[in-house]
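Q: Could you take a close look at one part of this model for me? I'd like to follow the sheet and the ligand together.

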Amino acid sequence: MTLGGLDPAISTAENYRGFAREARGRSPAYDSLATLVAGDDSILRFLATLPAPKRQPNLLFAAARYLLGTPPEITTLRALVRENPAALARVMLARRTQTNEPARCATLLPALAQLPAPLALIEVGASAGLTLLFDRYSYDYAGHHIAGSDPDAPTLRCAPRGPVPLPARLPVIAWRAGLDLNPLDVTDDDDVRWLSCLVWPGEDDRQERLAAAVASARRDPPAVHRGDLLTHLPALAAQAPPGATLVIFHSAVLPYVAPDDRGPFIDTVRGLPGVWLSNEAPGVVPGISVPACPGGPFLLIRDGDTPLAYTDGHGAWVRWLAG
Ligand SMILES: C[S@@+](CC[C@H](N)C(=O)[O-])C[C@H]1O[C@@H](n2cnc3c(N)ncnc32)[C@H](O)[C@@H]1O
């Protein structure tokens, strides 16, 4: 998954066609809707009234779902654009694509479990903080089970491919903190509704997982601080307790950071006394050469120079690369 629909170098219609390809096989409803939007003059005209970063398919579809109470179809979306463009624009301007997928924990856990515990975790671009709660979830790696601390939290099912170093137990996490431009609050019903609107129709397992992860997070909410990964990371890292391995990680975040700003962020992370795990589309962190992997997944990289694994964007599988 490449977070299609965000490329400023191509037209809005082309971005919608790219998103349709990304949704193919995962959400037939959004595959078809994005294809139809790419050829719909009235919706494209509406999108042209918004700033370029706000024209994203995922944002339009989630905002329409938020207002309609049900996933949009081409007829309901056209009607919304025609009859209530101001309300639709208001939601799209106020909200962001902040999909928080707890199952990504299952693809990062093998890398985390190799580090000396206890761990101090910082997630940049943490959204609601659901991907900070590694030790709360249980895991099922094709029959290899690991029990989490909250029996009512979801069990994350992830297919291991290649020599994945599956841990016997969860690492001890001494401290954790998220950083986000716009933290979502798991105790706020409206924020939770927005998170749910961001899940694609047809992905019912993701809705169930999200609901169970939110219920667990509500019992003991993670701290997600408001701030920019470009400027606020060193101050947050300074709060990590001594004696714990600091791990700075991110997943599905850097495409939202302007290409010219990614280099300064990488320099900042490299200057901090911690391990850096990046779980992003291939090419987002420059200078890494790996064999091609079909399916457009993420690449998990340690410290900017060691590719560890290809990972499914929604946590369904992990293909280990490192020896
Ligand atoms: C797609 S969500 C991913 C959330 C989470 N990492 C996950 O994997 O489920 C991307 C998040 O990055 C945040 N973000 C984007 N640019 C950021 C920046 N410059 N500083 C901090 N957070 C940022 C967004 O607000 C959003 O919550």
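How far is an oxygen atom of the ligand from an N or O atom in the side chain of Arg 104?

A: That distance is 2.7 Å, from a ligand oxygen to an N or O atom in the Arg 104 side chain. Keep in mind that this is a predicted model, so every value here is computed from it.

Let's stay with the ligand for a moment. There are 20 residues around the ligand, and the ones that come nearest are Gln 98, Asn 100, Arg 104, Gly 125 and Asp 180. The backbone joins in too: a polar backbone atom of Glu 101 sits 2.9 Å from an oxygen atom of the ligand. On the nitrogen side, a ligand nitrogen lies 2.9 Å from a polar backbone atom of Leu 229. As for cover, the ligand on its own has 600 Å² of accessible area, and the protein covers 97% of that.

Asp 180 is a handy bridge to the sheet. Besides being one of the residues that come nearest to the ligand, Asp 180 has Arg 226 in S7 as its bridge partner. The strand to look at here is S6, residues 173-180. S6 and S7 run parallel to each other, paired over 3 bridges.

S6 also pairs with S1, which spans residues 119-124; that pairing is parallel as well, with 6 bridges. If you want to trace the register, Leu 119 has Ile 173 of S6 as its bridge partner, and Leu 121 stands opposite Arg 176 in S6. Of the 8 residues in S6, 6 are buried, so the strand is largely enclosed by the rest of the structure.

Now zoom out to the whole sheet. It is an open sheet of 9 strands with mixed pairing, and the order reads S5-S12-S11-S10-S9-S8-S1-S6-S7. At the edges you find S5 (159-161) and S7 (224-226), each of which pairs on one side only. From one strand to the next, the twist averages 20°.

One helix is worth adding to the picture. H11, residues 259-270, lies across S1, S8 (245-251) and S9 (275-280), and it runs at about 150° to S9. That brings us back to S1, the partner of S6, with Asp 180 in turn among the residues that come nearest to the ligand.

Key
Residues are numbered from 1 along each chain as its sequence is written. This is a predicted model: local features need pLDDT of at least 70, side-chain atom pairs count only at pLDDT 80 or more; totals for chains, interfaces and linings use all residues. Side-chain values use heavy atoms; hydrogens and water are left out. Two strands pair if DSSP finds at least two bridges between them. Helices (H or I, at least four residues) and strands (E, at least two) are DSSP runs, numbered from the N terminus. Axes are lines fitted to C-alpha atoms, for helices over the stretch in contact, and angles run from 0 to 180 degrees between N-to-C directions. Contact means heavy atoms within 4.5 Å. Buried means under 20% relative accessible area, exposed over 50%, partly exposed in between (1.4 Å probe, protein chains only). A residue is near a molecule or strand if one of its heavy atoms lies within 4 Å of it. A polar contact is a pair of N or O atoms within 3.5 Å; within protein, one must be able to donate a hydrogen and the other to accept it, and residues adjacent in sequence count only if both atoms are side-chain atoms. Accessible areas come from the Shrake-Rupley method with a 1.4 Å probe; for residues, only the protein chains shown count as cover.
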